[in-house]
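Student: Please take a close look at the cavity and pocket in this model. I would like the cut-offs along with the numbers.

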Amino acid sequence: MKIGLIAANGRAGSHILREARMREHDVTAIVINKANLRMRNVKTMEKDLFHLTKEDIEPFDVLINAFAPSTGEAHLHVKAGKHLISLLEGTNKKLFVVGSSGCLYIDQDHTIRLMEHQDFPEHLRESAHYQLQNLHDLQNSAIQWTFLSPSVIFDSEGPRTGHYIIGRERLVVNSQFNSYLSYADFAVAVIDELENKNYVNTVFTVASENVTSAS
């Protein structure tokens with residue numbers, strides 16, 4: 001599988017890059033500045049995602065969008081999403097999007113999203129709003145896509161347990177009743193899905209099953 005990983009130098013992207021490399025996938029880090037990559041000896045494409053062309057993405061089977069805009073620029077989730085959709089239209093390539101927990105429903109009837117709850121962090125609400133718009137754009141598109149939302153607690157320092165539980169559009173908790181996910185286990189779930197193709201053109205979410213011990 002040939003993977004183009006956008007924002008491979010970010011927190012989510014760097015973990016996905018490591019997982020993909022560990023499983024010996026052919027992955028290219030798409031970054032503005034390769035000097036900021038946390039891994040060395042990685043195939044790279046130095047380019048702003050907004051300047052990517054159809055020719056740039058031709059070698060890839062999958063594009064992973066791990067782009068995280070700077071504070072105050074959350075609207076770029078929508079702009080980036082629309083640009084990537086336009087690049088993949090008319091192809092058999094897949095777009096995999098790192099989503100937001102705020103987009104997940106918290107009730108059985110799927111009427112209330114986490115971002116609408118009063119305890120959802122205010123500084124994350126705007127980003128979740130624009131990521132939801134990106135999701136709507138994906139749902140209205142004709143491309144192949146998957147949107148993976150993390151848990152409420154998204155831990156960049158957490159262990160790679162390799163074990164997680166899966167939900168669809170509704171928030172899930174693990175056996176310790178925590179909506180918790182390490183970035184490392186998120187990366188495992190990303191590559192698992194790319195290999196197994198269980199959630200095509202849909203949303204899913206995962207939570208780490210064990211938050212204390214690595215395997």
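Tutor: Start with the terms. On a 1 Å grid over the protein atoms alone, a cavity is a set of points where a 1.4 Å probe fits but cannot get out; a pocket is an open set with protein on both sides within 12 Å along at least five of seven lines; lining residues have an atom within 4 Å of a point. Grid points join across faces, edges and corners, and a volume is the space filled by probe spheres set on the points.

The model is predicted: local features need pLDDT of at least 70, side-chain atom pairs need 80 or more, and totals for chains, interfaces and linings use all residues. Numbering runs from 1 along each chain as its sequence is written, and side-chain values use heavy atoms, without hydrogens or water.

The structure holds 1 cavity of 30 Å³ or more. Its volume is about 40 Å³. Asn 65, Phe 67, His 77, Val 97, Val 98, Gln 131 and Asn 134 line this largest cavity. β5 and α4 are the elements giving two or more residues to that lining. Helices (H or I, at least four residues) and strands (E, at least two) are DSSP runs, numbered from the N terminus. By class, the cavity lining has 3 nonpolar, 4 polar and no charged residues. Here Ala, Val, Leu, Ile, Met, Phe, Trp, Tyr, Cys and Pro count as nonpolar, Asp, Glu, Lys and Arg as charged, and the others, Gly among them, as polar.

Now the largest pocket. It contains about 1100 Å³ of space. Of its 44 lining residues, Phe 67, Ala 68, Pro 69, His 77 and Ser 127 are the closest to its centre. The lining comprises 22 nonpolar, 17 polar and 5 charged residues. α4 gives the largest share, 6 residues.

His 77 appears in both linings. The residue sits in helix α3. His 77 is buried (under 20% relative accessible area, 1.4 Å probe, protein chains only), at 9%. Its side chain makes a polar contact of 3.3 Å with that of Ser 127. Such a contact is a pair of N or O atoms within 3.5 Å; within protein, one must be able to donate a hydrogen and the other to accept it, and residues adjacent in sequence count only if both atoms are side-chain atoms. Leaving out residues up to four places away in sequence, His 77 touches (heavy atoms within 4.5 Å) Phe 67, Pro 69, Ser 127, Tyr 130, Gln 131 and Asn 134.

How values were computed
Buried means under 20% relative accessible area, exposed over 50%, partly exposed in between (1.4 Å probe, protein chains only).
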